[in-house]
Amino acid sequence: MYQINENYQKLPGSYLFSTIGKKVAAFQEENPDKDIIRLGIGDVTQPIAPAIIEAMHKAVDEMGDAATFRGYAPDLGYEFLRSAIAENDYKARGCDISADEIFVSDGAKSDSGNIQEIFAVTNRIAVCDPVYPVYVDSNVMAGRTGTYDPKTETWSDVIYMPCTAENHFVPEFPKEVPDMIYLCLPNNPTGTTLTKDQLQLWVDYANKNGAVIIYDAAYEAYISEDNVAHSIYECEGAKTCAIELRSFSKNAGFTGVRLGFTVVPKELKCGEVSLHSMWARRHGTKFNGAPYIVQRAGEAVYSPAGKEQLAKQVAYYMNNARTIKEGLKDAGFDVYGGVNAPYIWLKTPDKMTSWEFFDYLLEKANVVGTPGSGFGPSGEGYFRLTAFGNYENTVKALERIKAL
Ligand code: MLT
């Protein structure tokens, strides 16, 4: 008789955004006349920029011609895309990352879930609390997190680094030294970030303690302040301790198109073993590459027209972020984030729990957000709104919240 991976049985409930989706669907079914505004999941609403659509059309035509047709993509991704990434995301920011240290994938979510595979199951992970649920859940599936305590909503073998208003959402070095440190900056869900100097301290800490940092920079396009690093490789020494994950979902609206990449520097070694070689082996064995058409779309993100159009798109969402932040402040809420990230993190009013406020907002204002406690115990009493809606709906949602 076969056995299942029992670690899956340990996972409490369903994936956060699936739970929210089900709740909202049930509410809509009971209230078909209600116009629900969705500011929950961080899904984009603006169409793909024209320069990117044009590149995709061209690539589609190439696939229909025997002379230009492409089959399997190279293991690491097409050179044209990896070079564009190396030039624009790294060399232009003074980071010495080369095209062959970049692994193109179908998105940062898969990479952030898969990357733990190349590490020992005995490693201790440290996560910010609240945290993007994929980091913890994928380690649960791998059997790295110990037992779950439903009372505290924590795992026995996970090191939690609380990030709350009290510490300005800056994680402190944990008492117990972790082996793997997950950092998402600018942060999902709090919408806050660290300065480059604060990030440098984490790089120094990891190098000193032999830890690896899994650095999720999916929201770097939203950074507006000069003292914030766009890549961890802007910090000295990061190439010997950090893996960086990037996404095209938020900067270019590819949530439905699917494209991302992971940087594993060749200098990153565990003893004599190169993590770059390990990830290359994994990538080659388990992944057949993002589609050619999508990789050409990714290349167009770095074209002059693509850059100009996407800067406007990011500005559009950040205008939403400002609208939400200012609107909530006027309504008397304590609000955080929204300056270097498209998320607004607010304190729930009247000591409501995060889920109580979720229900209240859905029922009374027909606005969907994300309960902070869904991201971890320190998210309790907080709530996340996304700036990825369209402007008209964002304004309408704020009017409804203010009228409560
Ligand atoms: C979120 O809402 O946290 C994100 O959309 C999730 C993701 O990017 O997978």
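Is cysteine 241 buried or exposed? In this predicted model, cysteine 241 counts as buried, because its relative accessibility is 1%. Cysteine 184 has a relative accessibility of 5%, so cysteine 184 also counts as buried.

Neither residue forms a disulfide. The closest cysteine sulfur to that of cysteine 241 belongs to cysteine 235. The separation is 8.7 Å, too far for a bond. For cysteine 184, the closest cysteine sulfur sits in cysteine 128. Here the distance is 8.4 Å, again too far for a bond. A disulfide requires two cysteine sulfur atoms within 2.5 Å, so neither pair qualifies. The structure as a whole holds zero disulfides.

Cysteine 184 and cysteine 128 reappear together in the lining of the largest cavity. Four cavities of 30 Å³ or more were counted. The largest cavity encloses about 80 Å³. Its lining includes a further cysteine, Cys163. Phe169, Pro171, Leu183, Leu185 and Leu194 are also among the lining residues. Asn187, Thr190, Thr192 and Thr193 complete the set. By class, this lining has eight nonpolar and four polar residues. No charged residue takes part.

The second largest cavity has a volume of about 70 Å³. Its lining contains three charged residues, alongside six nonpolar and two polar ones. Asp89, Glu220 and Arg246 are part of this lining. So are Ala217, Ala218 and Ala221. Phe248, Phe261 and Tyr302 line the cavity as well. Ser247 and Asn251 are also found there.

The ligand site was examined next. Phe17, Ile41, Gly42, Lys109, Tyr132, Asn188, Tyr219, Lys250, Tyr343 and Arg384 surround the ligand. This shell divides into five nonpolar, two polar and three charged residues. Lys109, Lys250 and Arg384 are among its members, as are Tyr132, Tyr219 and Tyr343.

Which side chains place a polar atom 2.6 Å, 2.8 Å or 2.7 Å from an oxygen atom of the ligand? For tyrosine 132, a polar side-chain atom lies 2.6 Å from a ligand oxygen. In arginine 384, a side-chain N or O atom is 2.7 Å from an oxygen atom of the ligand. For asparagine 188, the corresponding distance from a side-chain N or O atom to a ligand oxygen is 2.8 Å. Taken alone, the ligand exposes 270 Å². The protein buries 86% of that area.

Technical notes: Residues numbered from 1 in each chain as written. Heavy atoms only, no water. Buried < 20%, exposed > 50% of the residue type's maximum accessible area, 1.4 Å probe, protein only. 1 Å grid on protein atoms, 1.4 Å probe; cavity = no way out; pocket = protein on both sides within 12 Å on 5 of 7 lines; lining within 4 Å. Points joined across faces, edges and corners; volume = space filled by probe spheres on them. Nonpolar A, V, L, I, M, F, W, Y, C, P; charged D, E, K, R; others polar. Near = heavy atom within 4 Å. Polar contact = N/O pair within 3.5 Å; in protein donor to acceptor, adjacent residues only side chain to side chain. Areas by Shrake-Rupley, 256 points an atom, 1.4 Å probe, with all protein chains shown as cover.
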